[in-house]
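Colleague: I am new to reading protein models, and I would like to learn how to look at one feature after another. Could we go through this one together, slowly?

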Amino acid sequence: MELSPETIAAANGVAEDKAYGAVVPPLYLSSTYEFTGFDAHRGYDYSRATNPTRDQLSDTINRLEGGAGAIITSSGMAAIDLVLTILKPDDLLIAPHDCYGGTLRLLSARAAQGHFRLALVDQTREETVVAALEERPALVLLETPSNPLMRITDIEMVSARARAVGAKIVVDNTFLSPALQRPISLGAHMVVHSTTKYLNGHSDVVGGAVVAADADMVEHLKAWANMTGVTGAPFDAFLTLRGIRTLFPRIEYQQRNAAAVAEYLSAHKMVDAVHYPGLPSHPGHAIAARQQRGFGAMLSFEIAGGPESVRKFVEHVQVFTLAESLGGVESLVAHPATMTHASLSPNALRAAGIGHNLLRLSVGLENQSDLISDLEEALASARI
Ligand code: PLP
């Protein structure tokens with residue numbers, strides 16, 4: 001029987017415990033496993049390489065993304081770094097000019113050490129993608145929607161064009177999760193996640209995952225994850241799997257709240273611009289409507305007034321919390337220029353279009369009216 005994604009999220013691995021019939025898959029913390037005899041074990045020998053709890057999570061994420069296998073890592077950054085092991089020093093990596101600041105920092109640092117060559121391009125424009133692909137990259141990294149401007153890249157278009165020149169495509173699917181977007185079905189070779197965000201969903205674990213469409217790639221990534229020891233901890237895997245149980249209802253409710261917040265902000269005179277792919281005015285709206293199952297619960301907006309308005313707004317919010325990260329059940333506000341993207345130089349911030357009046361919202365599960373009242377009061381206080 002072909003199970004739907006909601007059923008996989010809620011019940012993959014449930015009631016399969018052979019030892020005691022536990023309904024919830026047990027947590028195996030043991031770092032080492034008894035051999036059954038000389039040169040013989042039950043499939044597990046040492047937890048850096050394989051662990052039953054981590055495997056439950058990996059199987060669930062892999063099934064949700066439709067891959068050949070998944071590797072669970074200790075963070076989203078570790079997942080991205082694991083993918084970089086496919087590159088050799090002469091290889092070219094093409095990445096978005098406006099990707100998450102930590103990703104940009106990692107890619108730049110590795111490129112500076114000569115691990116590969118790096119080109120940053122605006123992937124939302126087909127002509128810049130075509131020009132970049134003429135350089136014959138080995139790998140193209142996509143992040144869509146992008147952090148924090150919610151720019152949408154056409155995964156199918158870039159994948160088809162990149163495949164034609166022999167490049168591998170990896171998509172950072174952190175902002176939507178497989179509940180709303182499945183990049184492998186659109187042509188990607190790999191998907192990376194910061195499971196810290198929507199997959200865990202409760203802001204109490206830092207973790208990551210790489211899903212690969214091809215079994216050979218899964219073996220390559222597994223081998224490197226074991227060699228470097230970037231595999232995630234079993235307890236983190238247990239919590240993340242628990243978070244995934246409610247992924248679909250959480251994200252559905254959160255994106256309803258986000259759509260209401262985006263509409264509210266769009267009509268406010270203290271707001272110069274709202275970046276939410278669900279708004280028909282968003283430049284990526286049509287592509288998002290085609291390649292996503294929903295518009296997600298992340299948005300950003302530009303507040304009218306200068307730094308003083310930003311300061312007053314973030315100091316005034318009560319339901320929203322001023323904090324990094326996203327995708328949890330609680331609503332957060334971040335100021336990318338000084339927080340998530342603080343590692344970017346002023347020039348890089350400008351190139352990415354991240355101004356000092358930009359604020360990013362991760363919309364949670366709170367009551368919609370409470371969220372909007374909170375924004376209303378904070379915007380009133382920001383008026384100068
Ligand atoms: N990718 C995206 C899109 C992110 O937003 C983040 C973190 O904010 C990461 C990757 C890195 O994930 P982690 O913080 O789990 O290392």
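Modeller: Let us begin with a sheet, where the general idea is that strands pair through backbone hydrogen bonds, either parallel or antiparallel. In this predicted model, 5 strands form an open sheet in the order β8-β9-β12-β11-β10, and the pairing is mixed. Helices (H or I, at least four residues) and strands (E, at least two) are DSSP runs, numbered from the N terminus, and two strands pair if DSSP finds at least two bridges between them.

Colleague: Which strands stand at the edges of that sheet?

Modeller: Those are β8 and β10, each of which has a single partner strand, so one side of each is left without a neighbour in the sheet. Elsewhere in the sheet, β11 and β12 pair in the antiparallel sense over 3 bridges, and V333 has L361 in β12 as its bridge partner.

Colleague: Before we go on, what should I know about the numbering and the values?

Modeller: Residues are numbered from 1 along each chain as its sequence is written. Because this is a predicted model, local features need pLDDT of at least 70 and side-chain atom pairs count only at pLDDT 80 or more, while totals for chains, interfaces and linings use all residues, and side-chain values use heavy atoms, with hydrogens and water left out.

Colleague: How do I read a single residue in a strand, and is H275 of strand β8 buried or exposed?

Modeller: The general idea is to ask how much of the residue can be reached: buried means under 20% relative accessible area, exposed over 50%, and partly exposed in between (1.4 Å probe, protein chains only). H275 has a relative accessible area of 17%, and therefore counts as buried. Its side chain makes a polar contact with the side chain of E302 at 2.7 Å; a polar contact is a pair of N or O atoms within 3.5 Å, where within protein one must be able to donate a hydrogen and the other to accept it, and residues adjacent in sequence count only if both atoms are side-chain atoms. Leaving aside neighbours within four places in sequence, H275 is also in contact (heavy atoms within 4.5 Å) with residues including L149, M150, H282 and L358.

Colleague: Where is S331 found, and what does it touch?

Modeller: S331 is found in the loop between β10 (321-322) and β11 (332-334), and at 0% relative accessibility it counts as buried. Not counting residues up to four places away in sequence, S331 touches V319, F320, T321, S362, V363, G364, E366 and L371, and a polar atom of its side chain lies 2.7 Å from the backbone nitrogen of G364.

Colleague: L371 has come up there; how do I read the helix that holds it?

Modeller: In general, an α-helix has 3.6 residues a turn, so residues three or four places apart point the same way. In helix α13 (residues 368-382), 15 residues at 1.5 Å a residue should span 21 Å, and the end C-alpha atoms are 21 Å apart, which agrees; the expected span is 1.5 Å times one less than the number of residues. The buried residues of α13 include L371, I372, L375 and A378, and what covers the buried residues includes α9 (247-266), β8 (271-275) and β12 (358-362). At the start of α13, a side-chain oxygen of N367 reaches to within 2.8 Å of the backbone nitrogen of S369.

Colleague: How do I read the two faces of a strand?

Modeller: In a regular strand the side chains alternate between the two faces of the sheet. In β1, G69, I71 and T73 point one way and A70 and I72 the other way, and all are buried. With 5 of the 5 residues of β1 (residues 69-73) buried, this strand is largely enclosed by the rest of the structure. Strand β7 (residues 208-212) pairs with β1 in the antiparallel sense over 5 bridges, with A212 in β7 opposite G69.

Colleague: Finally, how many residues surround the ligand?

Modeller: There are 14 residues around the ligand, and the closest are G76, M77, D172, S194 and T196; a residue is counted if one of its heavy atoms lies within 4 Å. A nitrogen atom of the ligand is 2.7 Å from an N or O atom in the side chain of D172. Taken alone the ligand exposes 390 Å², and the protein buries 91% of that, with accessible areas coming from the Shrake-Rupley method with a 1.4 Å probe and, for residues, only the protein chains shown counting as cover.
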